[in-house]
Amino acid sequence: MSVDAATVRRIAHLARIAVSEEEVAPLQGELNAILAFVEQLDAVDVAGVEPMTSVTPMAMKKREDVVTDGGRAFDVVANAPETEDNYFLVPKVVE
Amino acid sequence: MTELNQLTLAEARDALRSRTTSARELTQAHLDAMAKARVLNAYLLETPERALAMADVSDSKIAAGDARPLEGLPLGIKDLFCTHGVTTTAGSKILEGFEPHYESAVSANLWRDGAVMLGKLNLDEFAMGSSNETSAYGDVVSPWRRAGSDARIVPGGSSGGSAAAVAAHLCLGATATDTGGSIRQPAAFTGTVGIKPTYGRISRWGTVAFASSLDQAGPIARTVRDCAILLGSMAGPDARDTTCVDLPVPNFEAAISRGVKDLTIGIPKEYRVDGMPPEIQKLWDQGAEWLKAAGASIREISLPHTRYALPAYYIVAPAEASSNLARYDGVRYGLRVPGKDIAGMYENTRAAGFGREVKRRIMIGTYVLSAGYYDAYYVRAQKIRTLIKRDFEAAYAEGVDAILTPATPSSAFGIGEKASADPVEMYLNDVFTVTVNMAGLPGIAVPAGLDAQGLPLGLQLIGRPFDEETLFATAQVIEDAAGRTALPKPWWA
């Protein structure tokens, strides 16, 4: 499979990365080189094989459903570009 | 007396315990060496004040007879580990100026054991790269040069700053991370030792995520013993990472003297790839001879799905990366670039903040996870991952204790030499290391000699899950037989 210019623009939008017109062609070439490289996987017979979900044979660790951390609003927002009263500020999204 | 930064970590520990030197003197010797070596660009941030304050605490602990396991030993920290109040960038512009309000589990364990932080080490952006040329803060230059040449050589990646700093004696050891080879490949390129432990041995909490099912931290140091000491402190259970196992940490340092008598070492025939330089084949044969001479038996084995590991990795790793890196949105951290609306702000921020390789991988990941392609790419790759793991399980079930391979398909290359338009050329560097991440196994790279150009070459040992001890024992036999690689003369100082 290979991607065309329109698909590159669509993926870029899905990934929320602005791509200029000049960037589309080089990106298309690079993505297609990677897709051509992974195409060899089509030769593998995977019938009846379970997809891996955990690389180590272990049960997911569980803990009591209790609050173990919190009350640190300032720490959470400390690195944000724009905040007010420990809230993240974003451009207006609702008219 | 030897200059203090020339000591191994174990020698420095003994010198501190016998009061032959102080933590302050040891730390200052490293800070002085770092100041002279800035042309290597190994450190993104030097933290001399913090280092000396930590060293003074260590000196008083030693004086009081309360020395902890790593008391007073100066280390470098890959800038992928969050450090409280100390800028952490992941080598990316998008995290410029990010000051975590928490400490990663790995670095916290090191400080708990008395280690001293010298600074934060350069890396490929978000650990995506094999040459340290994708860092937003400039290439790392290897302390190594080809014989008779002053061309700049890459230290490997993504832990290129860690490997270069260890090889140039700018720290006694360093933290690193390995998603597809990022500890073992730079260790091999710089004549240092690096171990990626079993997935789950070390907590990932507080380490900037790249591909969560593959990422694992580990140490780079100048000897097998030093790596064993550091891994002992970095590892251990952590309730905050649900994939970190609740297993006791063995005494890794004690394991290095076990030897290889009666061990069976597997030689996988599929690693004899087309176009492998004869020097690499020779080194591999030599490694097997050394282990045989020390009492191991050598057996050819087959890992039939080896060739599919790298392409499957280039589906799984970008898929996980595209999800993990969604958090860099201009809202919660660092960089924000305005746009016409909120989506425009996200798109402009991510376009300005991420470098080319990171964008490329996010886009591949987004594509293989998108509607209509998920089964064809992602699910198929995860099935192939199961097959890769089964290959190893079959070898171990037949009595193989560890597997010997070359660490890399070549020695280090020059900066800019692999800058072609085809990203796959760079990816092929990880062809021998990536299988280990796909199967979650431990792997160690140990220096084994120099090539005709005078650059280091390494061998890799792959172990059973949670059997790092056998890797240390086996790597020590190779280190003893090969002799420790003489590190380069400091042309930079």
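## Strands and an annotated site in chain B

S2(B) and S4(B) pair in the parallel sense over two bridges; strands here are DSSP runs (E, at least two residues; helices are H or I, at least four), numbered from the N terminus, and two strands pair if DSSP finds at least two bridges between them. This is a predicted model, where local features need pLDDT of at least 70 and side-chain atom pairs count only at pLDDT 80 or more, while totals for chains, interfaces and linings use all residues. Residues are numbered from 1 along each chain as its sequence is written, with chains lettered from A and ligands numbered from 1 in the order in which they are written.

Back to S4(B). Opposite its B:Gly173 stands B:Leu75, and B:Gly173 also stands opposite B:Ala221 in S6(B). That second pairing, between S4(B) and S6 (residues 216-221), is antiparallel and runs over six bridges. Six of the six residues of S4(B) are buried, so the strand is largely enclosed by the rest of the structure. Buried takes 20 or more other C-beta atoms within 10 Å of a residue's own, exposed 12 or fewer, and partly exposed is in between, with C-beta atoms placed from the backbone. Both faces of S4(B) are covered, with B:Gly173, B:Thr175 and B:Thr177 on one side and B:Ala174, B:Ala176 and B:Asp178 on the other.

Now the annotated site. An unreviewed UniProt entry puts "active site" on B:Lys78, B:Ser158 and B:Ser182. They are spread over 105 residues of sequence, yet cluster in space, with a largest C-alpha distance of 11.4 Å. UniProt positions follow the numbering used here, feature names are shortened, and annotations may be inferred rather than shown by experiment.

| Residue | Place | Other C-beta atoms within 10 Å |
|---|---|---|
| B:Lys78 | strand S2 (residues 74-78) | 33 atoms, buried |
| B:Ser182 | loop between strand S4 (173-178) and helix H6 (184-190) | 36 atoms, buried |

Leaving out residues up to four places away in sequence, B:Lys78 touches several residues, including B:Ala174, B:Thr175, B:Ala176 and B:Thr177. With that same exclusion, the contacts of B:Ser182 include B:Ser158, B:Ala176 and B:Thr177. Contact means that the C-beta atoms of two residues, placed from the backbone, lie within 7 Å.

Finally, the interface: 56 residues of chain B are in contact with 39 residues of chain A. H13(B) gives the largest share of chain B's side, 10 residues. That side divides into 30 nonpolar, 13 polar and 13 charged residues, where Ala, Val, Leu, Ile, Met, Phe, Trp, Tyr, Cys and Pro count as nonpolar, Asp, Glu, Lys and Arg as charged, and the others, Gly among them, as polar.
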